[in-house]
Amino acid sequence: MRRRVNRRQLLGGLLVAGAAGSIAGCGLVDPGPSVPAVAADPLEALVTEKQTMLDLYEATLAAHRDLAARITPLRDAHREHRDALLELLDARRRAALARATPPVPGPSTGTSAAPAVSGDPASALVALRQAERTASARSRSACLAVTGAGAGAGDAAGAAERVVVLGSICAAEASHEVALA
């Protein structure tokens, strides 16, 4: 015996099937990502650190104009380092990093307060020297990671370029520490 399906049952079944398809299409049924996550590039952390160093130099310059001749070239070098590291990142990572990094605090942007700087110029230089020491150690670690595994580089030429840039940054930061002594 064959059972007949009335129009109401047919439309109800189509509605349920359509809703199930919509839910599955929205990812409510399958929580897995459709695009595999990409591991973070170790240079991203260095870009952020270079921006932090720039912020510290800017704040120190704002607090101690008399140190400008001594520390402006070092600040400018950190800007060059940040820009060189950004060039090594692919366009997608640069865009993501730009969205995640807040604007540089200071008089030109009118954003949040700059890093705290000692009122004593000698103490401010000590703080810069300590920050340079920390930055230098992190840059050395990144350089060693790239030479050991080509971290984040898609090919040998990309890894070699990273080593050259990171080696140059390491050398500059070592000289910064001496220049601030």
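# Exercises on a six-helix chain

The protein chain exposes about 11,200 Å², of which carbon and sulfur atoms supply 61%; accessible areas come from the Shrake-Rupley method with a 1.4 Å probe, and for residues only the protein chains shown count as cover. The model is predicted, so local features need pLDDT of at least 70 and side-chain atom pairs count only at pLDDT 80 or more, while totals for chains, interfaces and linings use all residues. Residues are numbered from 1 along each chain as its sequence is written, and side-chain values use heavy atoms, with hydrogens and water left out.

## Exercise 1. The overall fold

Determine how many helices and strands the protein chain has, and what share of its residues is buried.

Solution.
- Step 1. Apply the assignment rule: helices (H or I, at least four residues) and strands (E, at least two) are DSSP runs, numbered from the N terminus.
- Step 2. Under this rule the protein chain has six helices and zero strands. Read from the N terminus, the order of elements is α-α-α-α-α-α.
- Step 3. Buried means under 20% relative accessible area, exposed over 50%, and partly exposed in between (1.4 Å probe, protein chains only). Of the 181 residues in the protein chain, 31% are buried.
- Step 4. Turn to contacts, defined as heavy atoms within 4.5 Å. Among contacts in the protein chain with a separation of 6 or more, 74% are between residues 24 or more positions apart.

## Exercise 2. The surroundings of Glu173

State where Glu173 is placed, whether Glu173 is buried or exposed, and which residues are in contact with Glu173.

Solution.
- Step 1. Glu173 belongs to helix H6 (residues 156-179).
- Step 2. Glu173 counts as buried because its relative accessibility is 0%.
- Step 3. With neighbours within four places in sequence set aside, Glu173 is in contact with Lys50, His78, His81, Glu132, Ala135, Ser136 and Ser139.
- Step 4. A polar atom of the Glu173 side chain lies 3.3 Å from the backbone nitrogen of Ser136.
- Step 5. Follow one of these contacts, His78, which lies in helix H3. His78 is buried, with a relative accessible area of 0%. Leaving aside neighbours within four places in sequence, the contacts of His78 include Lys50, Glu132, Glu173 and His176.

## Exercise 3. Salt bridges

Find how many salt bridges the whole structure holds, and describe the pairs formed by Glu49, Lys50 and Glu58.

Solution.
- Step 1. Recall the principle: side chains of opposite charge can pair when their charged atoms come close. A salt bridge is a side-chain nitrogen of Lys or Arg within 4 Å of a carboxyl oxygen of Asp or Glu.
- Step 2. A search of the whole structure yields eight salt bridges.
- Step 3. Glu49 pairs with Arg138 at 3.3 Å, N to O. This pair links distant parts of the chain, since Glu49 is in helix H2 (residues 42-63) and Arg138 in helix H5 (residues 121-149), 89 residues apart. Glu49 is buried, with a relative accessible area of 10%.
- Step 4. Lys50 pairs with Glu173, and their closest N and O atoms are 2.2 Å apart. Lys50 lies in helix H2 and Glu173 in helix H6, so the pair ties together parts that are 123 residues apart in sequence. Both partners, Lys50 and Glu173, are buried.
- Step 5. Glu58 pairs with Arg79 at 3.5 Å, N to O. The pair joins helix H2 to helix H3 (residues 68-88), with Glu58 and Arg79 21 residues apart. Glu58 is partly exposed at 26% relative accessibility, and Arg79 is partly exposed at 31%.
- Step 6. A network of salt bridges links Glu58, Arg75, Asp76 and Arg79.

## Exercise 4. The largest nonpolar core

Identify which residues of the largest nonpolar core touch the most other members, and which helix supplies the largest share.

Solution.
- Step 1. A nonpolar core is a set of buried Ala, Val, Leu, Ile, Met, Phe, Trp, Tyr and Cys residues joined through side-chain atoms within 4.5 Å.
- Step 2. The largest core has 13 residues, and Leu43, Leu46, Leu85, Leu88, Val165 and Leu166 touch the most other members.
- Step 3. At least two residues of this core come from each of H2, H3, H5 and H6. H6 gives the largest share, four residues.
- Step 4. Apart from this core lies another, of twelve residues, among them Met53, Leu56, Leu67 and Ala135.

Methods:
A polar contact is a pair of N or O atoms within 3.5 Å; within protein, one must be able to donate a hydrogen and the other to accept it, and residues adjacent in sequence count only if both atoms are side-chain atoms.
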